[in-house]
Amino acid sequence: MKKNRTVKAPYLFIAPALILLLLFSIIPIFVAFFISFTDMSLAGLADWSKIKFVAFDNYKNIVFDPIFVKSIKNTLFYVVLGVPVVIALSMGLALMINFGKNKIFTVFRMIFYTPAITNVVAVAVVFAYLYNPSFGFLNYLLSLIHIPAVPWLTNPTVAKISLIILGVWRAVGANMLIFLAAIQGIPKELYEAASLDGASKKDQLWYITIPSLRFSTFFVTVTTLIGWLQFFEEPFVMTNGGPLDSTTSVALFIYRNGFQLSKFGYAAAGSFILFAAIIIVTLIQFRLQRKNSESQL
């Protein structure tokens, strides 16, 4: 009897978390998957008899939707530019703070982490004023050195870059702490042995520190990729997808169709295409990481 209690005890401890996961994650996923095969709208919510099964029509229509195709291109633009910059800056800041001798680097840790805990909507509103073409602070600074005003949020390409700048500013702090923790976990004996062998600080950084960060780099890469594929708050608050849908991300497209146009089935189809893309990208990252680990053994 005592043995059975010992076996069941771990399951009782994790039961609340599993129940919450089931109620708020797993079941909604299956419900949304079912909705993606229907024409569900606000009328369907009021009267379920008005919901019609449309099979794969939502998926067929959304694939050929020009705005959805444009949102995919925009999201890829965000990913290709945003992810490498976040990883490089996060690692660079972590190295600077860890190996910096001055006490001011301790203050830098707090300064760079602050954006990660700041409300994204409030920050986006502030940046929208900074980017304002008429009375924005950034264009005011440029005017002081006689540089023409930059259309931060009115030019299609510049608007995407402006949003990336904000996204990078917010993402760097949390990832910096991850790299910093990994750097501080590297055994000091490795550096001492390298110093005795005559290795310079640059050699120690290149052959000890950076290779030792491969697992944290993998983690940051996966989470950052997922975050940029779900890029939503910044374009929603600052540009609402404009100008001319040039900043519309896939997540914003899904929100717009689901909560503004009440096309729940259509939006659910888009969400599952995004879900499939995230799963594929994550699996590719795991496969590459496994190959790298096997090659180094």
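Trainee: In which helix is leucine 18 found?

Mentor: This is a predicted model, in which local features need pLDDT of at least 70 and side-chain atom pairs count only at pLDDT 80 or more, while totals for chains, interfaces and linings use all residues. Residues are numbered from 1 along each chain as its sequence is written, and side-chain values use heavy atoms, with hydrogens and water left out. Helices (H or I, at least four residues) and strands (E, at least two) are DSSP runs, numbered from the N terminus. With that numbering in mind, leucine 18 is found in helix α1.

Trainee: What does leucine 18 count as at 47% relative accessibility?

Mentor: A residue is buried under 20% relative accessible area, exposed over 50% and partly exposed in between, with a 1.4 Å probe and protein chains only. Because its relative accessibility is 47%, leucine 18 counts as partly exposed.

Trainee: How far apart are the C-alpha atoms of leucine 18 and leucine 261?

Mentor: Along the chain, leucine 18 and leucine 261 are 243 residues apart. In space, the separation of their C-alpha atoms is 34 Å.

Trainee: Proline 16 is also in helix α1, and what is its distance in space from glycine 241, C-alpha to C-alpha?

Mentor: Proline 16 belongs to helix α1 and, because its relative accessibility is 46%, counts as partly exposed. Proline 16 and glycine 241 are 225 residues apart in sequence. Taken from C-alpha to C-alpha, their distance in space is 39 Å.

Trainee: Where is proline 243 found, and is the peptide bond from glycine 242 to proline 243 cis or trans?

Mentor: Most peptide bonds are trans. Proline 243 is found in the loop between α12 (233–238) and α13. The peptide bond leading into it from glycine 242 has omega near -5°, and it is cis.

Trainee: Which loop holds aspartate 245?

Mentor: Most residues other than glycine have a negative phi. Aspartate 245, although it is not a glycine, has a positive phi of about 60°, and because its relative accessibility is 22% it counts as partly exposed. Its place is in the loop between α12 and α13.

Trainee: What is the phi of alanine 55 near?

Mentor: Alanine 55 has its place in the loop between α2 (42–46) and α3 (57–63). Because its relative accessible area is 27%, alanine 55 is partly exposed. Alanine 55 is a residue other than glycine with a positive phi, near 55°.

Trainee: How many aromatic pairs does the structure hold, and what is the angle between the planes of phenylalanine 56 and tyrosine 59?

Mentor: Rings of Phe, Tyr and Trp (its six-membered ring) pair if their centres lie within 6.5 Å, with planes under 30 degrees apart stacked, over 60 edge-to-face and the rest tilted. The structure holds 21 aromatic pairs. One of them joins phenylalanine 56 and tyrosine 59, a tilted pair at 6.3 Å centre to centre, with the planes at 55°.

Trainee: Is tyrosine 59 buried or exposed?

Mentor: Tyrosine 59 belongs to a cluster linked by ring pairs, together with Phe33, Phe37, Phe53, Phe56, Phe272 and Phe275. Because its relative accessibility is 16%, tyrosine 59 counts as buried.

Trainee: Which element supplies the largest share of the largest nonpolar core?

Mentor: A nonpolar core is a set of buried Ala, Val, Leu, Ile, Met, Phe, Trp, Tyr and Cys residues joined through side-chain atoms within 4.5 Å. The largest such core has 42 residues, and Phe179, Trp228 and Met238 have the most contacts inside it. Two or more of its residues come from each of α4, α6 (120–130), α8, α11 (214–229), α13 and α14. The largest share, 11 residues, comes from α4.

Trainee: The charged end of which lysine sits over the ring of tyrosine 266?

Mentor: A charge sits over a ring if NZ of Lys or CZ of Arg is within 6 Å of the ring centre and within 35 degrees of the ring normal. Over the ring of phenylalanine 77, 5.4 Å from its centre, sits the charged end of lysine 160. Over the ring of tyrosine 266, 4.5 Å from its centre, sits the charged end of lysine 263.
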